[in-house]
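Work through the exercises below with the sequence and the 3D structure open. Each task is followed by a solution in steps.

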Amino acid sequence: MNRLAINLRQSLISKSLRDSRKTWSLGEMASMSKNPTVAETLLTEVNQRLALQHGKILEMINLLSASSSSSSSPSQSKGVIRAVNVPVTQSSCSHDGIEKKKEDIIKKLNLLETLHVDTFAITEHLLSSTTASSPNQEETKTSHLDFDPSQQSSKLSLPSPSIVFSRFSKADQHLLAATFEQIRSRHASTVENMADIVTEWREYNLQVFPKNKKDDHPLVEQFLKDRLGIQLLCDHYVGLSKDKKGGGVSINVDFHQVLLEAITESNHVCDANFGIVPQVHIISNDDDKNQVNHVTLIRPWVHHALVELFKNGMASSVQKMMELANRHNPPDLFVRVCSHRERDVMICEIIDQGVGIQEEKALQRAFQFATSSSRQRWDRIQEQQSYAMVRSPISSLGVGLPLSRMMMQKFGGDVTLKYRSKPIQIGSIVIDTGCTACLHLPLRDGIEEVL
């Protein structure tokens with residue numbers, strides 16, 4: 001951040017200290033059109049959220065920097081006498097290893113911080129006035145560490161609208177669309193990088209606080225939710241710039257079609273990883289006169305959540321087939337979609353007959369970010385199938401279900417898991433024990449984004 005001009009540093013620090021985010025419902029977003037007001041509003045919102053993201057990263061760095069590994073070093077603990085048969089070099093090596101791990105985590109956080117600073121500068125450049133006066137020399141000598149937004153707010157005049165928005169020519173429109181696309185692509189691997197950071201942070205905490213298991217800091221979940229919000233805003237404007245009705249929001253979509261697309265992709269992933277795919281049966285509800293089949297949603301998010309739930313169910317079915325030597329095919333999966341008008345919700349149940357998740361704690365861990373039941377972590381290089389194709393993982397990243405739940409909860413939905421210890425019957429179909437995953441989607445498009 002030190003390499004930024006003083007006015008950019010002041011703006012970044014000021015915005016990271018105040019939360020002035022705006023929220024919209026899916027209906028409100030879908031009604032937006034491509035015009036300079038919408039473009040400026042969305043870019044301003046992305047700018048604000050990038051500043052808040054930057055602030056959260058700095059908080060993480062400060063938290064980690066303030067943590068001490070001295071408790072893990074017997075030689076530095078008060079009132080503790082080290083056994084004479086423990087070499088001093090062994091203790092010091094262990095301490096050095098823990099410090100090295102902390103340094104590695106901070107280094108990765110610093111890289112994320114730099115990414116957010118650079119992206120913020122891109123948005124700030126477009127939003128700032130081209131005619132704004134540059135700061136005088138006395139102001140540029142001020143260190144960003146001494147900057148106080150409350151004292152400086154009266155000195156900084158609000159800039160007039162940027163010429164990009166007041167002119168809004170075709171070239172300006174292309175520039176704005178390219179900027180939103182650039183923001184989206186620059187942060188494409190942010191979630192994966194954060195998963196690595198969280199995994200290493202947990203390992204560090206286990207070494208430093210072996211008797212006091214520490215939960216993930218709430219900053220991590222807040223960071224991920226904000227990241228999803230930024231991604232949606234970028235997708236939305238890119239869609240509007242291409243004259244797509246609704247932008248990033250899909251209006252009145254046939255959910256059955258979304259379901260079929262998710263099943264098709266899940267089948268491909270399962271086949272690529274196991275060489276076999278369980279059958280998926282959709283249980284029809286045509287007799288229900290109150291059934292609602294069309295809903296307004298964020299299609300990529302719902303597709304992502306459905307694929308994750310299907311992948312988990314298919315993997316569980318294949319695992320059960322492997323455990324039962326007398327089975328040559330994995331148990332089938334069943335899907336049932338129900339609409340409850342009185343509750344304004346659509347529920348998609350994915351019912352597998354796999355090994356299931358019997359412990360309540362294990363069900364809770366399934367939604368913990370960067371926690372996976374897979375023994376081997378997915379590696380992009382190892383899964384390279386060809387120059388242009390990478391095999392998608394069936395599991396092991398530990399981000400699919402947590403992100404799916406966050407995506408659905410953003411606009412009043414949810415993702416839940418429940419273990420069935422007894423067989424159930426739906427109509428004439430008897431379904432064995434396993435897990436039921438439920439995707440909840442609100443039927444109303446007036447629910448505002450949950451921050």
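## Helix crossings

Helix α11 passes helix α12 in a right-handed crossing (the near helix is turned clockwise from the far one by less than a right angle; anticlockwise would be left-handed). The model is a predicted one, in which local features need pLDDT of at least 70 and side-chain atom pairs count only at pLDDT 80 or more, while totals for chains, interfaces and linings use all residues. Residues are numbered from 1 along each chain as its sequence is written, and side-chain values use heavy atoms, with hydrogens and water left out.

**Exercise 1.** Classify the angle between α11 and α12.

*Step 1.* Locate the elements: α11 covers residues 255-274 and α12 covers residues 299-323. Helices (H or I, at least four residues) and strands (E, at least two) are DSSP runs, numbered from the N terminus.

*Step 2.* Take the axes, which are lines fitted to C-alpha atoms, for helices over the stretch in contact, with angles running from 0 to 180 degrees between N-to-C directions. The two axes come within 8 Å and cross at roughly 45°.

*Step 3.* Apply the classes: under 35 degrees is roughly parallel, over 145 roughly antiparallel, 65 to 115 roughly perpendicular, and the rest oblique. α11 is therefore oblique to α12.

**Exercise 2.** Do the same for α3 and α9, and give the handedness.

*Step 1.* The axes of α3 (residues 36-66) and α9 (residues 190-208) come within 13 Å and cross at roughly 20°.

*Step 2.* With that angle, α3 and α9 are therefore roughly parallel to each other.

*Step 3.* The crossing of α3 past α9 is left-handed.

## Cysteines

**Exercise 3.** How many disulfides are there, and is C435 buried or exposed?

*Step 1.* The criterion is a pair of cysteine sulfur atoms within 2.5 Å. By this rule the count is zero disulfides.

*Step 2.* C435 is in no disulfide, and the nearest cysteine sulfur, that of C438, is 9.0 Å away.

*Step 3.* For accessibility, buried means under 20% relative accessible area, exposed over 50%, and partly exposed in between (1.4 Å probe, protein chains only). C435 counts as buried because its relative accessibility is 6%. C270, at 0%, also counts as buried.

## Residues apart in sequence

**Exercise 4.** For T114, Q358 and E221, find the element or loop, the exposure class and the C-alpha distance to the partner named in each step.

*Step 1.* T114 is in helix α4 (residues 88-127) and is partly exposed at 27% relative accessibility. Its partner is H54, 60 residues away in sequence and 8.7 Å away in space, C-alpha to C-alpha.

*Step 2.* Q358 is in the loop between β5 and α13 (360-365). Its relative accessible area is 58%, so Q358 is exposed. Q358 and K418 are 60 residues apart in sequence, with their C-alpha atoms 8.7 Å apart.

*Step 3.* E221 belongs to helix α10 (residues 218-241) and is partly exposed, with a relative accessible area of 40%. The C-alpha atoms of E221 and M406 are separated by 8.8 Å, although the two residues are 185 apart along the chain.

## Backbone and ring

**Exercise 5.** Where do N252 and D344 lie, and what is the phi of each?

*Step 1.* N252 lies in strand β1 (residues 250-254). Its phi is positive, about 50°, although N252 is not a glycine.

*Step 2.* D344 is in the loop between β4 (333-340) and β5 (345-351). Its phi is near 55°, again a positive value in a residue other than glycine. D344 is partly exposed, with 29% relative accessible area.

**Exercise 6.** Which charged end sits over the ring of F367?

*Step 1.* The test asks for NZ of Lys or CZ of Arg within 6 Å of the ring centre and within 35 degrees of the ring normal.

*Step 2.* The charged end of R405 sits over the F367 ring, 3.6 Å from its centre.
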